[in-house]
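Grab a coffee and open the viewer. Here are a few exercises to work through, each with a solution you can follow step by step.

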Amino acid sequence: MLPQLRVLSLETISKIGQEVLLQGWVNARRNLGKIVFLDLRDRSGVVQVVAGPRDLDAASVDRLKDVRPEWVVAIRGVVQERGEKQKNPELPTGRVEVIAKELAILASAEPLPLDLEDEKIGLDIHLDFLPITLRSPKWQAVFKIQAEIAESFRAYLRSDGFTEFAAPKIVGSSTEGGANVFRLKYFDREAFLAQSPQFYKQIMVGIFERVFTVGNVYRAEEHATTRHLNEYTSLDLEMGFIHDHTDIMATEIGWLRHLLNHLEQTVPAELQQWQWQRPLLPEVIPALKLREAQQLIKEDTGVDHTAEPDLEPHEERWLSEYAKAKFQSDFLFITHYPTAKRPMYTYPDEADPDYTKSFDLLFRGVEITTGGQRINNYEQLVGNIKKWGLNPDNFKFYLESFRYGMPPEGGLAVGLERLTARLLGIDNVKLATLFPRDLNRIDLQLSPPEYKQ
RNA sequence: GGGUCGGUAGAUCAACUUGGUUAGAUCGCUUCCCUGUCACGGAAGAGGUUGCGGGUUCGAGUCCCGUCCGACCCGCCA
(Lines give C-alpha, C1' and ligand atoms only; values in the text may rest on other atoms or scores of the structure.)
Protein backbone atom coordinates (compact mmCIF):
# COMPACT_ATOMS: atom_id res chain seq x y z
CA MET A 1 0.00 0.00 0.00
CA LEU A 2 0.90 3.62 -0.35
CA PRO A 3 2.61 5.42 2.46
CA GLN A 4 0.35 7.89 4.22
CA LEU A 5 1.31 11.17 2.64
CA ARG A 6 -0.56 14.39 3.05
CA VAL A 7 -3.28 15.18 0.54
CA LEU A 8 -1.94 17.24 -2.27
CA SER A 9 -4.60 19.14 -4.07
CA LEU A 10 -4.36 19.63 -7.79
CA GLU A 11 -3.85 23.33 -7.25
CA THR A 12 -0.35 22.61 -6.06
CA ILE A 13 0.71 20.92 -9.27
CA SER A 14 2.98 23.68 -10.32
CA LYS A 15 6.40 22.22 -9.83
CA ILE A 16 7.29 19.92 -12.68
CA GLY A 17 9.17 16.87 -11.47
CA GLN A 18 7.62 16.85 -8.02
CA GLU A 19 6.37 13.56 -6.59
CA VAL A 20 2.79 13.86 -5.36
CA LEU A 21 0.02 11.85 -3.83
CA LEU A 22 -3.32 12.41 -5.51
CA GLN A 23 -6.55 11.26 -3.95
CA GLY A 24 -9.82 11.61 -5.77
CA TRP A 25 -12.55 10.19 -7.94
CA VAL A 26 -12.04 8.79 -11.41
CA ASN A 27 -13.78 11.23 -13.72
CA ALA A 28 -13.06 9.33 -16.92
CA ARG A 29 -11.03 6.32 -17.97
CA ARG A 30 -9.48 5.95 -21.40
CA ASN A 31 -7.99 2.52 -21.92
CA LEU A 32 -5.66 2.31 -24.89
CA GLY A 33 -4.58 -1.23 -24.15
CA LYS A 34 -1.31 -1.15 -22.25
CA ILE A 35 -1.59 2.50 -21.31
CA VAL A 36 -4.58 3.90 -19.43
CA PHE A 37 -5.45 7.55 -18.98
CA LEU A 38 -7.44 8.47 -15.88
CA ASP A 39 -8.98 11.89 -15.35
CA LEU A 40 -8.82 12.29 -11.60
CA ARG A 41 -11.14 14.73 -9.83
CA ASP A 42 -10.73 16.22 -6.38
CA ARG A 43 -12.07 19.36 -4.75
CA SER A 44 -9.64 21.53 -6.64
CA GLY A 45 -10.21 20.25 -10.15
CA VAL A 46 -9.35 17.54 -12.64
CA VAL A 47 -5.99 16.32 -13.86
CA GLN A 48 -4.92 13.60 -16.28
CA VAL A 49 -3.02 10.62 -14.88
CA VAL A 50 -1.00 8.41 -17.20
CA ALA A 51 -0.91 4.82 -16.01
CA GLY A 52 1.23 2.36 -17.92
CA PRO A 53 3.38 -0.68 -17.15
CA ARG A 54 6.62 1.23 -17.71
CA ASP A 55 6.23 3.31 -14.56
CA LEU A 56 3.59 1.39 -12.60
CA ASP A 57 4.38 -1.61 -10.39
CA ALA A 58 2.84 -4.98 -11.31
CA ALA A 59 0.28 -5.04 -8.49
CA SER A 60 -0.96 -1.58 -9.44
CA VAL A 61 -1.27 -2.59 -13.10
CA ASP A 62 -3.45 -5.44 -11.92
CA ARG A 63 -5.64 -3.15 -9.80
CA LEU A 64 -5.92 -0.68 -12.66
CA LYS A 65 -7.89 -3.19 -14.76
CA ASP A 66 -10.89 -2.88 -12.46
CA VAL A 67 -10.93 0.89 -12.07
CA ARG A 68 -14.03 2.59 -13.46
CA PRO A 69 -15.61 6.07 -13.29
CA GLU A 70 -16.34 7.29 -9.75
CA TRP A 71 -13.97 4.82 -8.15
CA VAL A 72 -11.96 6.52 -5.41
CA VAL A 73 -8.26 6.02 -5.79
CA ALA A 74 -4.94 7.19 -4.42
CA ILE A 75 -2.12 7.62 -6.89
CA ARG A 76 1.53 8.26 -6.20
CA GLY A 77 3.21 9.76 -9.21
CA VAL A 78 5.38 12.42 -10.71
CA VAL A 79 4.14 15.64 -12.25
CA GLN A 80 5.34 16.03 -15.79
CA GLU A 81 4.98 18.65 -18.45
CA ARG A 82 3.20 17.15 -21.41
CA GLY A 83 4.88 16.87 -24.78
CA GLU A 84 4.01 19.70 -27.15
CA LYS A 85 1.57 17.58 -29.17
CA GLN A 86 -0.15 16.32 -26.05
CA LYS A 87 -0.91 19.65 -24.45
CA ASN A 88 -4.60 20.43 -24.23
CA PRO A 89 -5.18 24.18 -24.01
CA GLU A 90 -8.88 23.70 -23.35
CA LEU A 91 -8.29 22.19 -19.91
CA PRO A 92 -7.05 24.17 -16.90
CA THR A 93 -4.49 21.45 -16.17
CA GLY A 94 -3.96 20.58 -19.83
CA ARG A 95 -0.30 21.54 -19.74
CA VAL A 96 0.68 18.84 -17.24
CA GLU A 97 -0.06 15.25 -16.35
CA VAL A 98 0.88 12.86 -13.57
CA ILE A 99 2.83 9.71 -14.38
CA ALA A 100 1.48 7.08 -11.98
CA LYS A 101 3.96 4.94 -10.08
CA GLU A 102 1.58 3.31 -7.63
CA LEU A 103 -2.18 3.03 -7.46
CA ALA A 104 -4.38 2.09 -4.52
CA ILE A 105 -8.13 1.64 -4.57
CA LEU A 106 -9.83 3.44 -1.70
CA ALA A 107 -13.38 2.62 -2.78
CA SER A 108 -15.02 0.95 -5.73
CA ALA A 109 -18.20 2.30 -7.30
CA GLU A 110 -21.10 0.72 -9.09
CA PRO A 111 -21.89 2.04 -12.58
CA LEU A 112 -23.77 5.33 -12.33
CA PRO A 113 -27.53 5.14 -12.92
CA LEU A 114 -27.31 8.28 -15.05
CA ASP A 115 -24.85 10.39 -16.98
CA LEU A 116 -23.33 13.20 -14.91
CA GLU A 117 -22.57 15.22 -18.03
CA ASP A 118 -26.13 14.91 -19.35
CA GLU A 119 -27.83 18.31 -19.14
CA LYS A 120 -31.26 16.87 -19.84
CA ILE A 121 -31.71 14.60 -16.83
CA GLY A 122 -35.33 14.67 -15.68
CA LEU A 123 -36.10 16.60 -12.51
CA ASP A 124 -37.38 13.51 -10.72
CA ILE A 125 -34.29 11.45 -11.52
CA HIS A 126 -32.03 14.37 -10.66
CA LEU A 127 -33.61 14.76 -7.23
CA ASP A 128 -33.74 11.05 -6.48
CA PHE A 129 -30.01 10.75 -7.13
CA LEU A 130 -28.82 14.03 -5.59
CA PRO A 131 -25.96 12.35 -3.71
CA ILE A 132 -24.34 11.72 -7.10
CA THR A 133 -25.90 14.30 -9.43
CA LEU A 134 -24.50 17.05 -7.21
CA ARG A 135 -21.02 15.76 -8.06
CA SER A 136 -21.12 17.23 -11.55
CA PRO A 137 -19.25 20.53 -11.91
CA LYS A 138 -22.40 22.36 -12.96
CA TRP A 139 -24.30 21.57 -9.78
CA GLN A 140 -21.24 21.90 -7.59
CA ALA A 141 -21.01 25.42 -8.98
CA VAL A 142 -24.58 26.29 -7.96
CA PHE A 143 -24.00 25.46 -4.34
CA LYS A 144 -20.56 27.01 -4.16
CA ILE A 145 -22.17 30.19 -5.43
CA GLN A 146 -25.01 29.82 -2.95
CA ALA A 147 -22.54 29.46 -0.10
CA GLU A 148 -20.88 32.70 -1.26
CA ILE A 149 -24.24 34.50 -1.37
CA ALA A 150 -24.74 33.66 2.29
CA GLU A 151 -21.14 34.59 3.02
CA SER A 152 -21.60 37.95 1.32
CA PHE A 153 -24.74 38.63 3.36
CA ARG A 154 -22.81 37.96 6.55
CA ALA A 155 -19.71 39.90 5.55
CA TYR A 156 -21.59 42.97 4.38
CA LEU A 157 -23.83 43.21 7.41
CA ARG A 158 -21.05 42.50 9.88
CA SER A 159 -19.09 45.38 8.39
CA ASP A 160 -22.17 47.59 8.87
CA GLY A 161 -22.52 46.94 12.59
CA PHE A 162 -24.87 43.96 12.49
CA THR A 163 -24.49 40.97 14.82
CA GLU A 164 -25.38 37.45 13.76
CA PHE A 165 -27.58 35.27 15.93
CA ALA A 166 -29.19 31.85 15.64
CA ALA A 167 -32.97 31.89 15.78
CA PRO A 168 -34.86 28.91 17.22
CA LYS A 169 -36.58 26.62 14.77
CA ILE A 170 -38.94 25.09 17.31
CA VAL A 171 -41.46 27.67 18.41
CA GLY A 172 -44.36 27.70 20.80
CA SER A 173 -46.80 29.70 18.75
CA SER A 174 -47.23 30.24 15.05
CA THR A 175 -45.91 33.65 14.12
CA GLU A 176 -47.61 35.23 11.19
CA GLY A 177 -50.99 33.58 10.97
CA GLY A 178 -51.42 33.21 7.20
CA ALA A 179 -49.11 30.48 6.03
CA ASN A 180 -49.70 27.00 7.37
CA VAL A 181 -47.31 25.69 9.98
CA PHE A 182 -45.91 22.23 10.60
CA ARG A 183 -47.07 20.97 13.97
CA LEU A 184 -44.87 18.76 16.06
CA LYS A 185 -44.98 17.05 19.40
CA TYR A 186 -42.82 18.78 21.98
CA PHE A 187 -42.77 16.43 24.98
CA ASP A 188 -46.34 16.55 26.23
CA ARG A 189 -47.41 19.67 24.40
CA GLU A 190 -47.69 21.06 20.88
CA ALA A 191 -45.06 23.13 19.16
CA PHE A 192 -44.39 24.35 15.61
CA LEU A 193 -41.60 24.62 13.11
CA ALA A 194 -40.76 28.29 12.67
CA GLN A 195 -42.19 29.96 9.56
CA SER A 196 -39.81 32.83 10.06
CA PRO A 197 -37.38 34.21 12.66
CA GLN A 198 -39.47 37.39 12.67
CA PHE A 199 -40.25 37.73 16.37
CA TYR A 200 -36.76 36.73 17.45
CA LYS A 201 -35.00 39.18 15.20
CA GLN A 202 -37.23 41.98 16.44
CA ILE A 203 -36.50 40.97 20.02
CA MET A 204 -32.80 41.00 19.15
CA VAL A 205 -33.05 44.58 17.88
CA GLY A 206 -33.88 45.48 21.48
CA ILE A 207 -30.51 44.00 22.40
CA PHE A 208 -28.04 44.62 19.57
CA GLU A 209 -29.82 47.32 17.47
CA ARG A 210 -28.75 45.59 14.27
CA VAL A 211 -28.97 41.83 13.79
CA PHE A 212 -29.12 39.20 11.09
CA THR A 213 -29.69 35.48 10.92
CA VAL A 214 -29.35 32.84 8.22
CA GLY A 215 -31.44 29.75 8.67
CA ASN A 216 -34.13 27.41 7.49
CA VAL A 217 -37.80 28.26 7.76
CA TYR A 218 -40.80 26.01 7.22
CA ARG A 219 -44.05 26.44 5.35
CA ALA A 220 -46.70 23.73 5.36
CA GLU A 221 -48.31 24.96 2.18
CA GLU A 222 -49.38 22.32 -0.32
CA HIS A 223 -48.07 24.20 -3.30
CA ALA A 224 -46.51 22.75 -6.42
CA THR A 225 -44.74 25.47 -8.37
CA THR A 226 -41.26 26.25 -9.63
CA ARG A 227 -40.76 28.85 -6.91
CA HIS A 228 -42.00 27.26 -3.69
CA LEU A 229 -40.39 24.99 -1.10
CA ASN A 230 -41.63 23.66 2.21
CA GLU A 231 -38.24 24.30 3.73
CA TYR A 232 -36.07 27.15 2.54
CA THR A 233 -33.23 29.30 3.72
CA SER A 234 -34.12 32.80 4.82
CA LEU A 235 -31.58 35.60 4.93
CA ASP A 236 -33.04 37.86 7.61
CA LEU A 237 -31.94 41.21 8.89
CA GLU A 238 -33.53 43.67 11.32
CA MET A 239 -32.30 47.10 12.35
CA GLY A 240 -33.24 49.81 14.85
CA PHE A 241 -33.20 53.61 14.68
CA ILE A 242 -34.55 53.84 11.17
CA HIS A 243 -36.50 56.73 9.70
CA ASP A 244 -38.83 54.52 7.67
CA HIS A 245 -38.88 51.48 5.37
CA THR A 246 -36.66 53.21 2.82
CA ASP A 247 -33.71 52.78 5.18
CA ILE A 248 -34.22 49.02 4.92
CA MET A 249 -34.44 49.25 1.14
CA ALA A 250 -31.19 51.24 1.08
CA THR A 251 -29.50 48.54 3.15
CA GLU A 252 -30.66 45.91 0.70
CA ILE A 253 -29.34 47.87 -2.27
CA GLY A 254 -25.99 48.22 -0.51
CA TRP A 255 -25.82 44.51 0.09
CA LEU A 256 -26.84 43.60 -3.45
CA ARG A 257 -24.05 45.74 -4.84
CA HIS A 258 -21.61 44.03 -2.48
CA LEU A 259 -23.03 40.64 -3.43
CA LEU A 260 -22.44 41.01 -7.18
CA ASN A 261 -18.86 42.13 -6.66
CA HIS A 262 -18.26 39.40 -4.08
CA LEU A 263 -19.47 36.67 -6.43
CA GLU A 264 -17.42 37.91 -9.35
CA GLN A 265 -14.34 37.94 -7.15
CA THR A 266 -14.77 34.65 -5.31
CA VAL A 267 -16.47 32.27 -7.78
CA PRO A 268 -15.85 33.58 -11.31
CA ALA A 269 -15.36 30.12 -12.82
CA GLU A 270 -18.56 28.83 -11.26
CA LEU A 271 -20.51 31.82 -12.57
CA GLN A 272 -19.07 31.19 -16.02
CA GLN A 273 -20.46 27.65 -15.93
CA TRP A 274 -23.92 29.21 -15.88
CA GLN A 275 -23.22 31.90 -18.49
CA TRP A 276 -23.32 34.56 -15.81
CA GLN A 277 -25.10 37.71 -16.83
CA ARG A 278 -24.49 40.37 -14.26
CA PRO A 279 -27.86 41.73 -13.14
CA LEU A 280 -28.62 45.33 -13.96
CA LEU A 281 -28.43 47.16 -10.64
CA PRO A 282 -28.78 50.95 -10.84
CA GLU A 283 -27.61 53.33 -8.11
CA VAL A 284 -31.15 53.44 -6.81
CA ILE A 285 -33.53 50.57 -7.49
CA PRO A 286 -36.79 51.94 -8.89
CA ALA A 287 -39.76 51.72 -6.55
CA LEU A 288 -43.47 51.74 -7.33
CA LYS A 289 -46.37 51.75 -4.95
CA LEU A 290 -48.54 48.68 -5.42
CA ARG A 291 -51.41 50.80 -6.71
CA GLU A 292 -49.11 52.55 -9.21
CA ALA A 293 -47.84 49.20 -10.45
CA GLN A 294 -51.38 47.90 -10.88
CA GLN A 295 -52.32 51.07 -12.72
CA LEU A 296 -49.45 50.53 -15.18
CA ILE A 297 -50.63 46.98 -15.79
CA LYS A 298 -54.16 48.19 -16.29
CA GLU A 299 -53.05 50.77 -18.84
CA ASP A 300 -50.96 48.24 -20.71
CA THR A 301 -53.16 45.16 -20.65
CA GLY A 302 -56.59 46.53 -19.88
CA VAL A 303 -56.92 44.08 -17.01
CA ASP A 304 -58.03 45.98 -13.93
CA HIS A 305 -56.57 44.50 -10.75
CA THR A 306 -56.25 47.82 -8.97
CA ALA A 307 -58.46 46.54 -6.18
CA GLU A 308 -56.38 43.39 -5.56
CA PRO A 309 -54.21 43.29 -2.42
CA ASP A 310 -51.24 41.66 -4.15
CA LEU A 311 -49.68 41.00 -7.53
CA GLU A 312 -50.21 37.84 -9.53
CA PRO A 313 -47.16 35.91 -10.68
CA HIS A 314 -47.57 36.97 -14.31
CA GLU A 315 -47.92 40.57 -13.16
CA GLU A 316 -44.64 40.27 -11.31
CA ARG A 317 -43.06 39.04 -14.52
CA TRP A 318 -44.62 41.88 -16.47
CA LEU A 319 -43.37 44.48 -13.99
CA SER A 320 -39.86 43.04 -14.12
CA GLU A 321 -39.85 43.40 -17.89
CA TYR A 322 -41.14 46.92 -17.49
CA ALA A 323 -38.43 47.88 -15.00
CA LYS A 324 -35.75 46.45 -17.23
CA ALA A 325 -36.94 48.38 -20.26
CA LYS A 326 -37.79 51.61 -18.50
CA PHE A 327 -35.15 51.83 -15.77
CA GLN A 328 -32.47 49.40 -16.98
CA SER A 329 -32.93 47.49 -13.75
CA ASP A 330 -33.38 43.78 -13.07
CA PHE A 331 -34.71 44.79 -9.67
CA LEU A 332 -37.92 46.58 -8.77
CA PHE A 333 -39.32 47.51 -5.38
CA ILE A 334 -43.08 47.38 -4.89
CA THR A 335 -44.14 49.33 -1.79
CA HIS A 336 -47.25 50.19 0.19
CA TYR A 337 -49.17 46.95 0.35
CA PRO A 338 -52.62 47.13 1.96
CA THR A 339 -52.58 47.11 5.75
CA ALA A 340 -55.26 44.44 5.87
CA LYS A 341 -53.12 41.94 3.95
CA ARG A 342 -49.90 42.37 5.89
CA PRO A 343 -48.96 40.93 9.29
CA MET A 344 -50.12 42.75 12.41
CA TYR A 345 -46.67 44.20 13.15
CA THR A 346 -46.42 46.05 9.80
CA TYR A 347 -46.16 49.83 10.13
CA PRO A 348 -49.04 51.77 8.57
CA ASP A 349 -48.27 54.84 6.47
CA GLU A 350 -49.32 57.87 8.52
CA ALA A 351 -50.30 59.69 5.32
CA ASP A 352 -52.52 56.81 4.17
CA PRO A 353 -53.18 54.31 6.96
CA ASP A 354 -54.84 51.78 4.66
CA TYR A 355 -51.38 51.13 3.26
CA THR A 356 -48.18 50.05 4.95
CA LYS A 357 -44.55 51.08 4.94
CA SER A 358 -43.69 47.72 3.52
CA PHE A 359 -42.04 46.50 0.34
CA ASP A 360 -41.35 43.50 -1.82
CA LEU A 361 -38.34 43.24 -4.10
CA LEU A 362 -38.93 41.72 -7.51
CA PHE A 363 -35.89 40.27 -9.24
CA ARG A 364 -36.17 38.92 -12.77
CA GLY A 365 -39.85 38.18 -12.44
CA VAL A 366 -39.95 36.68 -8.96
CA GLU A 367 -40.41 38.11 -5.50
CA ILE A 368 -37.20 37.54 -3.55
CA THR A 369 -37.67 39.83 -0.56
CA THR A 370 -40.35 41.10 1.75
CA GLY A 371 -39.57 43.81 4.26
CA GLY A 372 -40.67 47.00 5.88
CA GLN A 373 -40.92 49.11 8.96
CA ARG A 374 -42.46 47.46 12.04
CA ILE A 375 -44.69 48.90 14.70
CA ASN A 376 -42.44 49.63 17.67
CA ASN A 377 -45.02 51.32 19.93
CA TYR A 378 -46.27 48.88 22.54
CA GLU A 379 -49.86 50.12 22.77
CA GLN A 380 -50.23 50.27 19.01
CA LEU A 381 -48.86 46.75 18.60
CA VAL A 382 -51.17 45.30 21.24
CA GLY A 383 -54.07 47.11 19.59
CA ASN A 384 -53.18 45.58 16.25
CA ILE A 385 -52.87 42.08 17.68
CA LYS A 386 -56.45 42.40 18.92
CA LYS A 387 -57.56 43.94 15.66
CA TRP A 388 -56.15 40.93 13.80
CA GLY A 389 -58.26 38.67 15.99
CA LEU A 390 -55.29 37.35 17.96
CA ASN A 391 -54.81 37.07 21.69
CA PRO A 392 -52.09 39.35 23.16
CA ASP A 393 -51.52 36.78 25.91
CA ASN A 394 -50.03 34.47 23.29
CA PHE A 395 -47.49 37.16 22.38
CA LYS A 396 -46.41 38.15 25.90
CA PHE A 397 -42.81 37.05 25.42
CA TYR A 398 -42.50 38.97 22.15
CA LEU A 399 -44.28 42.01 23.57
CA GLU A 400 -41.82 42.39 26.43
CA SER A 401 -39.38 43.92 23.94
CA PHE A 402 -41.83 46.66 23.07
CA ARG A 403 -43.17 47.17 26.56
CA TYR A 404 -39.70 47.99 27.77
CA GLY A 405 -38.44 50.29 25.03
CA MET A 406 -37.98 49.49 21.34
CA PRO A 407 -36.63 52.05 18.84
CA PRO A 408 -38.22 52.60 15.44
CA GLU A 409 -37.15 49.55 13.49
CA GLY A 410 -37.62 47.37 10.47
CA GLY A 411 -36.09 44.58 8.48
CA LEU A 412 -36.35 42.20 5.57
CA ALA A 413 -36.08 38.57 4.55
CA VAL A 414 -34.53 37.21 1.36
CA GLY A 415 -35.23 33.74 -0.01
CA LEU A 416 -31.76 32.34 -0.62
CA GLU A 417 -32.80 29.64 -3.09
CA ARG A 418 -34.98 31.98 -5.10
CA LEU A 419 -32.19 34.51 -5.31
CA THR A 420 -29.73 31.80 -6.38
CA ALA A 421 -32.10 30.51 -9.04
CA ARG A 422 -32.81 33.94 -10.51
CA LEU A 423 -29.14 34.94 -10.48
CA LEU A 424 -28.16 31.87 -12.48
CA GLY A 425 -31.25 31.55 -14.67
CA ILE A 426 -32.36 28.27 -13.09
CA ASP A 427 -36.05 27.74 -13.84
CA ASN A 428 -37.03 25.64 -10.85
CA VAL A 429 -36.10 26.71 -7.33
CA LYS A 430 -35.78 23.05 -6.34
CA LEU A 431 -32.71 22.87 -8.54
CA ALA A 432 -31.18 25.71 -6.52
CA THR A 433 -31.86 23.81 -3.27
CA LEU A 434 -29.41 21.18 -2.04
CA PHE A 435 -32.00 18.82 -0.62
CA PRO A 436 -35.43 20.25 -1.40
CA ARG A 437 -38.49 19.39 0.64
CA ASP A 438 -41.75 19.60 -1.23
CA LEU A 439 -45.21 18.09 -1.26
CA ASN A 440 -43.94 14.81 -2.70
CA ARG A 441 -40.44 14.58 -1.42
CA ILE A 442 -38.27 14.30 1.65
CA ASP A 443 -35.27 12.89 -0.15
CA LEU A 444 -36.52 9.44 -1.16
CA GLN A 445 -38.72 8.78 1.79
CA LEU A 446 -41.96 9.96 0.22
CA SER A 447 -41.14 8.54 -3.19
CA PRO A 448 -42.68 5.37 -4.55
CA PRO A 449 -41.27 2.10 -3.19
CA GLU A 450 -39.65 1.08 -6.47
CA TYR A 451 -37.19 3.94 -6.14
CA LYS A 452 -36.08 2.83 -2.71
CA GLN A 453 -34.37 -0.36 -3.94
C1' G B 1 -57.42 22.48 -2.74
C1' G B 2 -58.68 23.67 -8.45
C1' G B 3 -56.84 23.13 -13.55
C1' U B 4 -53.44 21.45 -17.71
C1' C B 5 -49.91 18.00 -19.51
C1' G B 6 -47.13 13.61 -19.09
C1' G B 7 -45.23 8.13 -17.71
C1' U B 8 -41.53 3.48 -23.56
C1' A B 9 -34.12 -0.22 -21.88
C1' G B 10 -29.84 2.27 -16.31
C1' A B 11 -30.14 7.69 -18.67
C1' U B 12 -32.11 10.92 -22.81
C1' C B 13 -35.57 10.19 -26.50
C1' A B 14 -38.21 7.89 -31.18
C1' A B 15 -42.46 4.81 -32.70
C1' C B 16 -48.76 7.11 -30.65
C1' U B 17 -51.78 11.63 -34.86
C1' U B 18 -53.51 7.20 -39.09
C1' G B 19 -53.83 0.13 -34.04
C1' G B 20 -50.59 -4.59 -37.87
C1' U B 21 -44.65 -9.73 -37.73
C1' U B 22 -39.04 -10.23 -33.31
C1' A B 23 -40.63 -1.74 -29.86
C1' G B 24 -35.67 1.43 -32.35
C1' A B 25 -31.56 5.32 -31.65
C1' U B 26 -27.73 7.69 -28.77
C1' C B 27 -25.08 7.52 -24.14
C1' G B 28 -23.97 4.07 -20.35
C1' C B 29 -22.93 -1.34 -19.23
C1' U B 30 -20.23 -6.46 -20.47
C1' U B 31 -16.28 -9.06 -23.42
C1' C B 32 -12.26 -8.58 -26.92
C1' C B 33 -8.32 -5.33 -29.79
C1' C B 34 -5.24 -0.90 -29.24
C1' U B 35 1.22 2.99 -25.63
C1' G B 36 -0.67 9.44 -26.51
C1' U B 37 -5.77 9.49 -25.54
C1' C B 38 -8.45 13.62 -23.32
C1' A B 39 -16.57 12.77 -23.58
C1' C B 40 -10.24 8.12 -27.20
C1' G B 41 -11.22 4.80 -31.15
C1' G B 42 -12.68 -0.15 -33.25
C1' A B 43 -15.43 -5.13 -33.04
C1' A B 44 -19.12 -8.10 -30.78
C1' G B 45 -22.97 -8.55 -27.00
C1' A B 46 -26.48 -8.07 -22.92
C1' G B 47 -30.48 -5.09 -21.45
C1' G B 48 -37.89 -3.49 -22.22
C1' U B 49 -44.51 -7.66 -19.15
C1' U B 50 -44.21 0.26 -22.98
C1' G B 51 -46.27 2.76 -14.57
C1' C B 52 -50.38 -0.61 -12.92
C1' G B 53 -55.53 -2.80 -13.69
C1' G B 54 -59.60 -3.42 -16.85
C1' G B 55 -62.16 -2.66 -21.65
C1' U B 56 -62.81 -2.24 -27.25
C1' U B 57 -60.62 -5.19 -31.35
C1' C B 58 -58.82 -10.81 -35.28
C1' G B 59 -54.74 -7.73 -33.23
C1' A B 60 -53.11 -2.34 -28.37
C1' G B 61 -46.93 1.09 -26.63
C1' U B 62 -50.79 3.35 -29.91
C1' C B 63 -58.00 3.90 -28.85
C1' C B 64 -61.44 4.06 -24.15
C1' C B 65 -62.20 3.82 -18.61
C1' G B 66 -60.06 3.51 -13.84
C1' U B 67 -55.84 3.91 -10.73
C1' C B 68 -50.83 5.20 -9.07
C1' C B 69 -46.81 8.50 -9.83
C1' G B 70 -44.77 13.02 -11.65
C1' A B 71 -44.27 17.94 -13.91
C1' C B 72 -46.40 22.68 -14.78
C1' C B 73 -50.11 26.74 -13.87
C1' C B 74 -53.37 29.01 -10.14
C1' G B 75 -54.48 30.08 -4.80
C1' C B 76 -50.50 31.47 -0.81
C1' C B 77 -45.75 33.16 -0.19
C1' A B 78 -39.66 34.25 0.05
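**Exercise 1. Get your bearings in chain A.**

Task: Work out how many helices and strands chain A has, and how much of chain A is buried.

Solution:
- Start with the elements: chain A holds twelve helices and 20 strands. Keep in mind that this is a predicted model.
- Next, the extent: along the principal axes, the C-alpha atoms fit a box of roughly 85 × 55 × 45 Å.
- Then burial: of the 453 residues in chain A, 49% are buried.
- Now the contacts: among those with a separation of 6 or more, 65% link residues 24 or more positions apart.
- Finish with the surface and charges. The accessible surface is about 22,800 Å², with 51% of it belonging to carbon and sulfur atoms. There are 54 positive and 66 negative side chains, and the centres of these two sets sit 5 Å apart.

**Exercise 2. Take apart a small sheet.**

Task: Find the strand order of the open sheet of three strands, and say which strands stand at its edges.

Solution:
- Read off the order: S7-S9-S8, with antiparallel pairing.
- Look at the ends: S7 (170–171) and S8 (183–186) each have a single partner strand, so one side of each has no neighbour in the sheet.
- Zoom in on one pair: S8 and S9 (residues 189–193) run antiparallel and share four bridges. Within this sheet, Lys185 stands opposite Glu190 in S9.
- As background, strands of a sheet pair through backbone hydrogen bonds, either parallel or antiparallel.

**Exercise 3. Is His262 buried or exposed?**

Task: Place His262 in its helix, then decide on its burial.

Solution:
- Locate it: His262 belongs to helix H6 (residues 245–266).
- Check the number: His262 has a relative accessible area of 14%. The cut-off for buried is under 20%, so His262 counts as buried.
- List its company: leaving out residues up to four places away in sequence, His262 touches Glu148, Glu151 and Ser152.

**Exercise 4. Map the largest nonpolar core.**

Task: Find which element gives the largest share of the largest nonpolar core.

Solution:
- Size it up: this core has 48 residues, and Ile149, Trp255 and Leu263 are among those with the most contacts inside it.
- Sort the suppliers: elements giving at least two residues each include H4 (137–158), S11 (231–240), H6 and H12 (416–424).
- Pick the winner: H4 provides the largest share, nine residues.
- Inspect one member: beyond its sequence neighbours up to four places away, Trp255 touches residues including Ile149, Phe153, Leu235 and Leu419.
- Don't stop there: a second, separate core has 20 residues, including Val36, Val49, Ala51 and Leu64.

How values were computed
Residues numbered from 1 in each chain as written. Chains lettered and ligands numbered in written order. Predicted model: local features only at pLDDT ≥ 70, side-chain atom pairs only at ≥ 80, totals over all residues. Heavy atoms only, no water. Buried < 20%, exposed > 50% of the residue type's maximum accessible area, 1.4 Å probe, protein only. Contact = heavy atoms within 4.5 Å. Areas by Shrake-Rupley, 256 points an atom, 1.4 Å probe, with all protein chains shown as cover. Lys, Arg positive; Asp, Glu negative; His and termini not counted. Charge placed at Lys NZ, Arg CZ, Asp CG, Glu CD. Pairing = 2+ DSSP bridges. Core = buried A, V, L, I, M, F, W, Y, C linked by side-chain atoms within 4.5 Å.
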